[in-house]
Amino acid sequence: MKPSLFFLNLRLSGIGFRAYIVKKVVDNEVAARHIAKKSSNETSSQLKQSSRSYIHQSSDAKGEVNYIKLLILKVGQSALTSYPIPQGINIFCPTDQQQQADNQPLLLTSDNLQLLTQVAAEIKSYRKPDPYKGSGIYLCDRFETDQGEIYENEIINRKVIKKK
């Protein structure tokens, strides 16, 4: 049976909202401690429920390199927010300023739908959609048309501002 690949689109809607992906190299001792602690503290049923590891591994000429992928969010707060991307989740974000200014969404992909929706909900929790301004992080759907691709945000009921 062929494995399925699930995807979700997240759109950052607001003035100056940006997202970046950063790889941070981790020492081998820290990675080994993280893996040993995770396997010794959890029973087999807990491992099935929360199989979240943030340590990614790759090989190069120097040997095995362990790193953590971080999603850096700038969503209207005074400091940058970093979210560690779990293993098994791939996030593709627009690369240059023009694509981000045009509200190109983040693309989240995984073969585990439950983990994917949980990660999307955690990212959305950093900036919930504002019912007055309409800014925030939205789930959106992608449609292909003759003119190109269109992204439609989830529906949020907007409140009317009271005027005196």
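Biologist: Which word fits Ala120, buried or exposed?

Modeller: This is a predicted model, where local features need pLDDT of at least 70, side-chain atom pairs count only at pLDDT 80 or more, and totals for chains, interfaces and linings use all residues. Residues are numbered from 1 along each chain as its sequence is written, and side-chain values use heavy atoms, leaving out hydrogens and water. Buried means under 20% relative accessible area, exposed over 50%, and partly exposed in between (1.4 Å probe, protein chains only). Ala120 has 3% relative accessibility, so the word for it is buried.

Biologist: In which element is Ala120 found?

Modeller: Helices (H or I, at least four residues) and strands (E, at least two) are DSSP runs, numbered from the N terminus. The run that holds Ala120 is helix α4.

Biologist: Which residues does Ala120 touch, beyond those up to four places away in sequence?

Modeller: Contact means heavy atoms within 4.5 Å. One partner, Leu8, is 112 residues from Ala120 along the chain, yet their C-alpha atoms are separated by 7.7 Å. With the close sequence neighbours not counted, Ala120 touches Leu8, Leu10 and Leu108.

Biologist: Which residues of α4 are buried?

Modeller: An α-helix has 3.6 residues a turn, so residues three or four places apart point the same way. Cover for the buried residues of α4 comes from elements including β1 (6-13), β4 (63-74), β5, β6 (90-92), β7 (106-110) and β8. The buried residues themselves are Leu115, Leu116, Val119, Ala120, Ile123 and Lys124.

Biologist: Which element gives the largest share of the largest nonpolar core?

Modeller: A nonpolar core is a set of buried Ala, Val, Leu, Ile, Met, Phe, Trp, Tyr and Cys residues joined through side-chain atoms within 4.5 Å. The largest one has 19 residues, and Leu10, Leu71, Ile89, Ile91, Leu108, Val119 and Ile123 touch the most other members. The elements giving two or more residues to this core are β1, β4, β7 and α4. The largest share, five residues, comes from α4.

Biologist: Which residues of α4 does Leu108 touch?

Modeller: Leaving out residues up to four places away in sequence, the partners of Leu108 include Phe6, Phe7, Leu8, Leu10, Asn90 and Ile91. The list also holds some of the buried residues of α4, namely Leu116, Val119, Ala120 and Ile123.

Biologist: How are the rings of Tyr83 and Tyr126 arranged, and what is the pair called?

Modeller: Rings of Phe, Tyr and Trp (its six-membered ring) pair if their centres lie within 6.5 Å; planes under 30 degrees apart count as stacked, over 60 as edge-to-face and the rest as tilted. A search of the whole structure finds one aromatic pair. The ring centres of Tyr83 and Tyr126 are 6.2 Å apart and the planes are at 70 degrees, so this pair is edge-to-face.

Biologist: How many residues apart are Tyr83 and Tyr126?

Modeller: Tyr83 counts as buried at 5% relative accessibility, while Tyr126 counts as partly exposed at 26%. Tyr83 sits in strand β5 (residues 81-84), and Tyr126 is in the loop between α4 (113-124) and β8 (136-144). The pair links distant parts of the chain, and its two members are apart by 43 residues.

Biologist: What is the relative accessible area of Tyr151?

Modeller: Tyr151 lies in strand β9 (residues 149-153). Beyond its neighbours within four places in sequence, Tyr151 is in contact with Asn9, Arg11, Gln104, Pro105, Cys140, Asp141 and Arg142. Tyr151 is buried, and its relative accessible area is 16%.

Biologist: Which residues is Ser13 in contact with, leaving aside neighbours within four places in sequence?

Modeller: Ser13 has its place in strand β1, and this residue is buried, with a relative accessible area of 17%. Its contacts, with those neighbours left aside, are Asn103, Gly134, Ser135, Gly136 and Tyr138.

Biologist: How far apart are the C-alpha atoms of Ile68 and His56?

Modeller: Ile68 is found in strand β4. Its contacts beyond four places in sequence are Val22, Lys23, Lys24, Val26, Tyr54, Ile55 and His56. Ile68 and His56 are 12 residues apart along the chain, and their C-alpha atoms are separated by 5.9 Å.

Biologist: What pattern does the protein chain follow along the sequence?

Modeller: The secondary structure comes to four helices and nine strands. Of the 164 residues, 30% count as buried. Among contacts between residues at least 6 apart in sequence, 61% join residues at least 24 apart. Read along the sequence, the pattern is β-β-α-α-β-β-β-β-α-β-α-β-β.
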